[in-house]
Each structure stands twice: as C-alpha cells, then as structure tokens.
Amino acid sequence: MNITFIGGGNMAAAIVAGLAREGGHRILVVEPDAAKGAQLAADYGVTALESAPAAFGRDEVVVLAVKPQVLREVCTHLAGKLDGALVVSIAAGIRADALSRWLSGHARIVRVMPNTPAMVGKGMSGLFAAPGVDEADRAAAETVMRAVGETLWLDDETGIDDITCISGSGPAYVFYFMESMMEAATDAGFDEAEARRLVLATFDGAVELARNSLLPVATLRQNVMSKGGTTERAIARFDAEGVKAAIKAGAEDCRLRSIEMGNELGQD
C-alpha cells in the first residue's frame, strides 16, 4: 500500500511503526517539524517531507493525523490534490460531512477513533465508513489500523462518539484507577517502585484472566470475594462512594463532549 501521513505526532508515529514492522508498504510522512520528520525516517525507514506533495494517486491512502483545530486549514490545502485517494482521519471530533466539505466534496472518507495503547501495538480503534467508501477501501483502512491493534466497524457515525467514551478515552480511566491503587500501596508502606510493580502486575493478570475466561467479569469479581472478607469490605466501600456510578457518568460526559466538539469544530 502507498500510505501518506499528514502529521507525524505520537499516534501517527505509532501507526507508522506498526506498518513498518509489517513491511511491504510505501510510507510517506508530511511533518513540518524537520527534526521530527528526520527522526521518523531514521527510526522506521519512511520518507519524510515538510510539505505535502502536489498530488496523490487514487490508489493512495492519506491519513489525516493533525490536531482537530488545524484540520480545516490542512484540508483546504489538500483539496483538489487527492484525485479520489482514500482519506482516513484519526482527528477527534471532526465529522465526515465537514471533512468532505473542506475537501471540496471528497467522498472516500473513513473516520477512526484510535487510542493510546496503539503505541505498544495494543490499540482498539473504532472505524466509520462514509457512503462513498467501498469494500476495498474498508479493507485498506482496516489494514492501516490493524497494524496497531484491534478494530471495530461502526454502522453509524454517532458510534464514534460512543466508542470515544469507552476505548478512546478509556485508557485514562484505567490509569486513574492505577494511580489510586498505587497511592493506596504507598500509604500502606510500599515504596513507589514496589507500588508500581504490584499494581501493574495486578492489572496485567486480571486482564489476562478476563480474556481467557468464559465467565462474565462480574462473576470473576465475585470469585475474588468471600462473605465477610477483605475484598467484600473494599467493594462495599466502592459501592457506598458511588464509584461505579461515577465511572458511568464520567463516560457519558465524555460522549457528550465528543458530540459538542463535532458541532464546534465542524462549523464553517
């Protein structure tokens, strides 16, 4: 595949790394920061340019990997150069209709909501295909994102907002819980290195157990608890403090903010 990344930030670099590991792709990165572009070229053997080519081929995949706030300006510069190329946008909030409008009516657009574990090849990406996308385009977009983890196709574009509040922002929720457990560990007398080791091993083991078990996670949680025991006491406090309700409410706030950003950033 011929793949051009517009922007060479962290997420773009993660995807480039995954594609480079696979091999067989021709990868170009357009990155105005010459030093950053040179580093990507050195690390992954890609071609780096400070400005976009004059034209793209129809068989090319163009990945928009810039901040949402500058995406309109970037699209304005790209409009008329795409020659029908497949556009894959990983920019949060900007809807397909806005992208199409800014790209002078371009139709082959796939929106993606990745997450930061893509940086270690453990990402979870939600994808939505605009009406102008065919099965070959879907396969190409999936090839790009499968290089850094799992994918889930969404039937409706509103699903991007839904997945944002779960897998998109979800790593932050997990890190927040990790922070809390590490602080509890240091309060109990462990040093920071020991606290980190204990918590990371606990999360890693719990995820692996859930992945390999046919049981619901609620049952796995109950299996740790014994009546009148230590774990039951901790979960009782979580319930009394409304921890589960707060997590669900926070995720809903995240979803609503994703919708707001689409309304705000997609305006002409």
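Buried means under 20% relative accessible area, and the legends below apply that cut-off to a predicted model.

**Figure 1. Overview of the predicted chain and its two assigned domains.** The chain has 268 residues, of which 40% count as buried, and its secondary structure comprises 11 helices and eight strands. Along the principal axes, the C-alpha trace spans about 70 × 40 × 30 Å. The domain assignment gives domain 1 as residues 2-160 and domain 2 as residues 169-259, and the centres of domain 1 and domain 2, taken over C-alpha atoms, are separated by 34 Å. Among contacts between residues at least 6 apart in sequence, 59% join residues at least 24 apart.

**Figure 2. Close-up of G37 in helix 2.** Helix 2 covers residues 34-44 and contains G37, whose relative accessible area is 3%, so that G37 falls under the 20% limit and counts as buried. When neighbours within four places in sequence are left aside, G37 is in contact with E31 and A48. The C-alpha atom of G37 lies 38 Å from that of G205, a residue 168 places away along the chain. G37 is part of the range 3-93 that an unreviewed UniProt entry lists under "domain: Pyrroline-5-carboxylate reductase catalytic N-terminal". Over residues 3-93 the chain is 38% helix and 23% strand, with the end C-alpha atoms 23 Å apart.

**Figure 3. Residues that the UniProt record places under "binding site".** The unreviewed entry puts this feature at I6, G7, G8, G9, N10, M11, A65, V66, K67 and P68. Although these residues are spread over 63 residues of sequence, they cluster in space, with a largest C-alpha distance of 14.5 Å. The lining of the second largest pocket includes I6, G7, G8, G9, N10, M11, A65, V66, K67 and P68. The record's feature and the computed pocket can therefore be viewed together, since these annotated residues are included in the lining.

**Figure 4. The second largest pocket and its lining.** This pocket has a volume of about 900 Å³, and of the 33 residues that line it, the closest to its centre are I6, A65, V66, K67 and P68. Helix 1 (10-22), helix 3 (68-78) and helix 6 (158-168) each supply at least two residues of the lining, and helix 3 gives the most, with six residues. By residue class, the lining divides into 18 nonpolar, 10 polar and five charged residues.

**Figure 5. I6 and V66, two residues of the pocket lining.** I6 lies in strand 1, which covers residues 2-6, whereas V66 is placed in the loop between strand 4 (60-64) and helix 3. Is I6 buried or exposed? At 7% relative accessibility, I6 counts as buried, and V66, at 19%, also counts as buried because its value is under the 20% limit. Not counting residues up to four places away in sequence, I6 touches V30, F56, V62, V63, L64, A65, V66, V74 and L78. With the corresponding neighbours left aside, V66 is in contact with I6, G7, L71, V74 and A91.

**Figure 6. D83 and S104, two loop residues with positive phi.** D83 lies in the loop between helix 3 and strand 5 (86-89), and its phi is near 50°, a positive value in a residue other than glycine. S104 is found in the loop between helix 4 (96-102) and strand 6 (109-113), and its phi, near 60°, is likewise positive in a residue other than glycine. At 55% relative accessibility D83 counts as exposed, and S104 is also exposed, with a relative accessible area of 61%; both values satisfy the cut-off, because exposed means over 50%.

**Figure 7. S258 in helix 11.** Helix 11 covers residues 243-265 and contains S258, which is buried, with a relative accessible area of 7%. Not counting residues up to four places away in sequence, S258 touches D161 and T164. For "domain: Pyrroline-5-carboxylate reductase dimerisation", the unreviewed UniProt entry lists residues 157-261. That span is 84% helix and 0% strand, and its end C-alpha atoms lie 14 Å apart.

Definitions and conventions. Residues are numbered from 1 along each chain as its sequence is written. This is a predicted model: local features need pLDDT of at least 70, side-chain atom pairs count only at pLDDT 80 or more; totals for chains, interfaces and linings use all residues. Side-chain values use heavy atoms; hydrogens and water are left out. UniProt positions are given in the numbering used here, feature names are shortened, and annotations may be inferred rather than shown by experiment. Helices (H or I, at least four residues) and strands (E, at least two) are DSSP runs, numbered from the N terminus. Buried means under 20% relative accessible area, exposed over 50%, partly exposed in between (1.4 Å probe, protein chains only). Contact means heavy atoms within 4.5 Å. Domain bounds come from an automatic or database domain assignment. On a 1 Å grid over the protein atoms alone, a cavity is a set of points where a 1.4 Å probe fits but cannot get out, and a pocket is an open set with protein on both sides within 12 Å along at least five of seven lines; lining residues have an atom within 4 Å of a point. Grid points are joined across faces, edges and corners, and a volume is the space filled by probe spheres set on the points. Ala, Val, Leu, Ile, Met, Phe, Trp, Tyr, Cys and Pro count as nonpolar, Asp, Glu, Lys and Arg as charged, and the others, Gly among them, as polar.
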